[in-house]
Amino acid sequence: MAALACGVPVIASRVGALVDVIEPGKTGWLVPCEDPGALAEAMDSFFSLPVSQREEMRDYIRLTARQRYS
């Protein structure tokens with residue numbers, strides 16, 4: 001939650017409550033457990049975004065975190 005509150009997208013394994021928290025492509029990416037290739041692809045997806053899109057994502061994440069997890 002701390003990352004979301006700071007507007008940082010989360011790239012994590014698809015486990016537990018993260019499935020309910022992370023909106024793929026909007027607040028981060030979820031990858032299968034023990035799949036380093038999928039992890040690398042998710043990281044590449046984020047860093048391939050134009051800066052303006054990353055900034056929009058950051059703003060959306062902060063807003064969503066405030067609304068859901070006051």
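A polar contact is a pair of N or O atoms within 3.5 Å, where, within protein, one atom must be able to donate a hydrogen and the other to accept it, and where residues adjacent in sequence count only if both atoms are side-chain atoms. The model shown is predicted, so that local features need pLDDT of at least 70 and side-chain atom pairs count only at pLDDT 80 or more, while totals for chains, interfaces and linings use all residues. Residues are numbered from 1 along each chain as its sequence is written, and side-chain values use heavy atoms, with hydrogens and water left out.

**View 1. The whole protein chain, with 4 helices and 2 strands.** Helices (H or I, at least four residues) and strands (E, at least two) are DSSP runs, numbered from the N terminus, and from that end the elements follow the order α-β-α-β-α-α. The C-alpha atoms fill a box of roughly 30 × 30 × 15 Å, taken along the principal axes. Of the 70 residues, 30% are buried, where buried means under 20% relative accessible area, exposed means over 50%, and partly exposed lies in between (1.4 Å probe, protein chains only).

**View 2. Thr 27 in the loop between helix 2 (18–21) and strand 2 (28–31).** Thr 27 counts as buried because its relative accessibility is 2%. Its side chain reaches the backbone nitrogen of Glu 23 at 2.7 Å. Contact means heavy atoms within 4.5 Å, and, leaving aside neighbours within four places in sequence, the residues in contact with Thr 27 include Leu 4, Pro 9, Tyr 60 and Ile 61. Ile 61 is 34 residues away from Thr 27 along the chain, yet their C-alpha atoms are separated by 5.5 Å.

**View 3. The salt bridge between the side chains of Glu 23 and Arg 68.** A salt bridge is a side-chain nitrogen of Lys or Arg within 4 Å of a carboxyl oxygen of Asp or Glu, and here the N to O distance is 2.9 Å. Glu 23 lies in the loop between helix 2 and strand 2, whereas Arg 68 belongs to helix 4 (residues 51–68), so the pair ties together parts that are 45 residues apart in sequence. Glu 23 is buried, with a relative accessible area of 16%, while Arg 68 is partly exposed at 41%.

**View 4. The salt bridge between the side chains of Arg 58 and Asp 59.** By the rule given for View 3, the count comes to 2 salt bridges, and in this one the N to O distance is 3.2 Å. Arg 58 counts as partly exposed at 31% relative accessibility, and Asp 59 also counts as partly exposed, at 41%.

**View 5. Strand 2 and its parallel partner, strand 1 (residues 10–13).** Two strands pair if DSSP finds at least two bridges between them, and 4 bridges join these strands. Ser 13 stands opposite Val 31 in strand 2. In a regular strand the side chains alternate between the two faces of the sheet. Both faces of strand 2 are covered, since Gly 28 and Leu 30 on one side and Trp 29 and Val 31 on the other are all buried.

**View 6. Val 19 in helix 2.** Val 19 is partly exposed, with a relative accessible area of 43%. Not counting residues up to four places away in sequence, Val 19 touches Arg 14 and Leu 30. Between Val 19 and Trp 29, which are 10 residues apart in sequence, the C-alpha to C-alpha distance is 9.8 Å.
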